[in-house]
Amino acid sequence: MHNMANEKYILCDSSSLISLTDTCLETILRFFHRSNVLFIIPPSVEYEIITRPLKMTMKAYQFSAMRLKKLIEDEVLMKVEAETDAPAKEILELTNSIFFAKGKPLHMVDMGEAEMIALAKSLKIKTLLMDERTTRMLVEAPFEIKDHLEEELRVNVMVNSSHLQKFSDIVSGMRVIRSSELVAVAYEKGYFDNFGADKKKMLEAALYKTKFSGCSVRFDEIEEFMRIEQ
Amino acid sequence: MSIKEIFDEMAGAFRRKNSRHMRKLNDKIMIETAIQFSKEMYELAVISYVLGKILSKPRFYSSQYKQNMNAIQNTLELARKAKDPLKLVPTLEREVGRLESEDPRFVVDLFTKGRLKMAAIFYAQGFSLGRASEITGIPKSEILSYAGKTMMFEKVKTEISVEKRLHFAREALGA
């Protein structure tokens with residue numbers, strides 16, 4: 001690995017990489033890489049965003065995969081393997097037994113998402129880049145997810161407090177950012193400067209585009225971004 | 001609800017051309033699938049969605065489609081009487097395919113669209129993207145793209161403000 005002392009590490013979930021390539025904004029990763037930011041992915045994410053789509057018969061899936069493959073070849077994205085099987089299984093079991101409906105545990109996340117958290121913990125990486133909503137909410141505000149599940153499923157959802165506490169201890173100190181924040185900070189650092197007087201308009205357009213590509217950002221949050229980035 | 005009861009209701013709603021009933025049945029099945037997930041329930045959710053879609057299109061009631069509509073109805077009747085109704089699902093899918101092939105309007109067929117829509121609903125209900133993809137077999141990229149064009153993200157407020165999240169990002173990116 002590179003000289004770790006000067007580098008900043010961000011662990012990327014497949015959701016953000018998918019929305020960044022879908023919006024053709026993955027060059028933002030290159031932009032930050034030039035200032036020593038390393039974007040890390042676990043092998044499961046590489047499989048999901050590159051290996052699997054490249055094997056699919058539908059050629060449209062290969063568009064994002066090829067662009068992401070190039071980012072790995074150029075070492076902007078770094079695949080890091082770590083022994084996370086056991087902790088990932090523990091996280092999976094925990095997250096899938098926090099909420100209960102009609103006496104049954106709600107299986108909220110899959111192995112890939114559990115692996116992400118296990119890898120962040122193992123590598124002591126504090127920042128996760130994640131556009132996916134549920135895992136982010138589990139990390140940040142699990143009771144909001146409980147309320148949402150109750151509203152959607154029209155049943156009472158019970159919480160196993162001890163499992164929730166154990167999970168909260170695991171993710172304690174982790175912070176989640178989305179593609180939208182990446183785009184906004186890139187704007188602050190001059191990424192859109194070549195658009196001259198239109199650069200703010202371009203930021204707004206890029207934020208909307210990331211939303212429509214699946215980044216879990218709300219309309220009012222985009223308005224807030226635009227107020228902040230005066 | 002048992003599988004047999006669901007097929008009874010689906011056949012009844014299709015016979016009466018009651019798309020509203022079919023949609024309500026689909027809602028019920030989706031909730032059941034979310035709580036006690038099984039592949040079978042998921043398939044039934046997709047079928048009820050597809051049948052609801054067919055019933056909502058007036059063009060399918062014209063004489064041009066009579067034979068195809070009857071074939072779907074007959075398959076549903078066979079399924080509700082069958083010991084294992086799910087064995088009739090491939091036949092049903094084939095019949096729906098024949099109906100669509102009379103006048104194809106989309107690249108994606110109704111069953112594929114139904115599977116994607118059900119996957120996006122799982123995600124919207126509160127299950128993770130990975131879980132929705134795992135349950136349905138639909139790639140994450142498809143679910144994300146669909147979800148991004150819905151209002152699902154507007155429904156859940158977060159405790160972390162944009163200002164604070166931007167602060168996290170600036171710190172992480174060394175800005």
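User: In this predicted model, in what order do the strands of the open sheet stand, and what is the sense of their pairing?

Analyst: The open sheet of chain A consists of five strands in the order β3-β2-β1-β6-β8, and their pairing is parallel. Strands β3 (77-79) and β8 (175-177) of chain A occupy the edges; each has a single partner strand, so one side of each lacks a neighbour in the sheet. From one strand to the next, the twist averages 35 degrees.

User: Over how many bridges do β2(A) and β3(A) pair?

Analyst: Strand β2 (residues 37-41) of chain A pairs with β3(A) over three bridges, in the parallel sense. Within this pair, Ile40(A) lies opposite Met78(A) of β3(A).

User: Which strands of chain A does helix α9 of chain B touch?

Analyst: Helix α9 (residues 162-172) of chain B packs on the sheet and touches β1 (8-12), β6 (127-129) and β8 of chain A. The direction of this helix makes about 95 degrees with that of β8(A).

User: How should one read the buried side of a helix, and which residues of α5(A) are buried?

Analyst: As a general idea, an α-helix has 3.6 residues a turn, so residues three or four places apart point the same way. In helix α5 (residues 85-95) of chain A, the buried residues are Ala88(A), Ile91(A), Leu92(A), Leu94(A) and Thr95(A). These residues lie on the same side of α5(A), because their arc around the axis is only 165 degrees.

User: What covers that side of α5(A), and which exposed residues does the face turned away from it carry?

Analyst: The cover of the buried residues includes α6 (111-123), α7 (133-140) and α9 (161-171) of chain A. The face turned away from the buried side carries the exposed residues Asp85(A) and Ala86(A).

Key
Residues are numbered from 1 along each chain as its sequence is written. Chains are lettered from A and ligands numbered from 1 in the order in which they are written. This is a predicted model: local features need pLDDT of at least 70, side-chain atom pairs count only at pLDDT 80 or more; totals for chains, interfaces and linings use all residues. A residue is buried if 20 or more other C-beta atoms lie within 10 Å of its own, exposed if 12 or fewer, and partly exposed in between; C-beta atoms are placed from the backbone. Helices (H or I, at least four residues) and strands (E, at least two) are DSSP runs, numbered from the N terminus. The arc is that of the directions from the helix axis to the C-beta atoms. Two residues are in contact if their C-beta atoms, placed from the backbone, lie within 7 Å. Two strands pair if DSSP finds at least two bridges between them. Axes are lines fitted to C-alpha atoms, for helices over the stretch in contact, and angles run from 0 to 180 degrees between N-to-C directions.
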